[in-house]
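Hello,

Here is the structure I promised to pass on. Please open it alongside this note, and then read on for what turned up.

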Amino acid sequence: MKIFPHTLALITTDRCTAACDDCCFECTPQKNTYIPHNKMIEVINDAKKIKSIKNIVFTGGECFTLGNKLKELIFLATKNNFNTRVVTNGYWAKNDIYTSKVCSEIRKAGLNEVNFSTGHSHAKYVPVENIIRAAHFCTEEGMTVVINIENHVDEEKSEVSIRIKNDELIKSALKKGKLKLINNFWVKEDNKKNKVKIKNIMQGCQTIMNVLAITPSLSLVPCCGIRLEKIKDIHLGSLSNNRLHNLIESADDDLMKMMLNIYGPEYLINEAKKIDRSIDVPEYFVHPCEYCEYIYRESRIKNALIKYARKNEKEILTLFMAGFFGKAKGITNDYQEDHHSIPVKDI
């Protein structure tokens, strides 16, 4: 398969210390599925055989529920010359002494970046003060810190966003360039209630084919978007009895995934509507992953895009390959600043 991912994301578990409303992976404290530790060691070592992979991300669920095993995995990934990132809700940052200890240990293991998830839903389970405390100690240890703030409303109206931006420690870290704040829209499962639409949505998808994700059930997915568990057609197969590099090499080339990478799902739906004018799209979609799920769910759209792909196959292959080698002109794919997919360093 023609795929050159820059990031491998290990969705280490579906267990989380929180039970946020509308969690994209439906994680809760009651769930308890983990990628087996030996399998994570295996895929980190196998990732060396995929030359394009530069970053390894540990996420969940809540990856810090792995305990000391998380530090072992970070150390192994660092030893294999990967940039490393964790995504966490910061539940563990309950006081200065313990937070300082944890931040020191993960830095010694080799961790490059910490992404903190917070916002209206998260704050019901993890105090915003935890995020501020952990961000401070992580920056002091020299790690890159990103705080992702999920919003149901405009950024200016978010209490959590206002609280974080007004904190003096956060202001200082931002001024020094040690920290980045990202406001992400939190898609409600009952999406008719969504209030805000992501700007500049009609662009190529940043994650599909660029990020490889492994789910707790050991499914390999060339995407780490918020609907990956619900779009089974994009899954490449199971790693239960397969090795990472073998599964990628054996996968068929897929023009649909290539088109999503180049053009993005909303653009493709508009093209499908030109072929089949009976296609209708709900007006309440606000996120590119909703459009992507709709493409795979609606047979009329898929059939129309199959026709589109056959007609434009040469152009699709040319643009797809050019994009990975930095030769594409006028094609952008930077709309989706998802905490699973932001490169640790520029690729």
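In what sense do strand E8 and E9 pair, and over how many bridges? The sense is antiparallel, and the bridges number two. Strand E8 covers residues 219-221. In one bridge, leucine 220 has glycine 237 of E9 as its partner. Please keep in mind that this is a predicted model.

Now the sheet as a whole. It is open and has nine strands. Their order is E6-E5-E4-E3-E2-E1-E7-E8-E9, and the pairing is mixed. Strand E6 (179-185) and strand E9 (237-238) form the edges, each pairing on one side only. As general background, strands of a sheet pair through backbone hydrogen bonds, either parallel or antiparallel.

Next, a helix on the sheet. Helix H6, residues 168-175, lies across strand E5 (144-151) and E6. Its direction is at about 110 degrees to E6.

Last, a pair of helices. Helix H8 is made of residues 255-263, and helix H10 of residues 288-297. Their axes come within 12 Å and cross at roughly 155 degrees. Angles over 145 degrees count as roughly antiparallel, so that is how H8 and H10 run relative to each other. The crossing of H8 past H10 is right-handed.

Which residues meet there? From H8 come Met256, Lys257 and Leu260. From H10 come Cys292, Ile295 and Tyr296. Of the residues in this contact of H8 with H10, five are nonpolar, one is charged and none is polar.

Best wishes

Notes
Residues are numbered from 1 along each chain as its sequence is written. This is a predicted model: local features need pLDDT of at least 70, side-chain atom pairs count only at pLDDT 80 or more; totals for chains, interfaces and linings use all residues. Side-chain values use heavy atoms; hydrogens and water are left out. Two strands pair if DSSP finds at least two bridges between them. Helices (H or I, at least four residues) and strands (E, at least two) are DSSP runs, numbered from the N terminus. Contact means heavy atoms within 4.5 Å. Axes are lines fitted to C-alpha atoms, for helices over the stretch in contact, and angles run from 0 to 180 degrees between N-to-C directions. Angles under 35 degrees count as roughly parallel, over 145 as roughly antiparallel, 65 to 115 as roughly perpendicular and the rest as oblique. A crossing is left-handed if the near helix is turned anticlockwise from the far one by less than a right angle, and right-handed if clockwise. Ala, Val, Leu, Ile, Met, Phe, Trp, Tyr, Cys and Pro count as nonpolar, Asp, Glu, Lys and Arg as charged, and the others, Gly among them, as polar.
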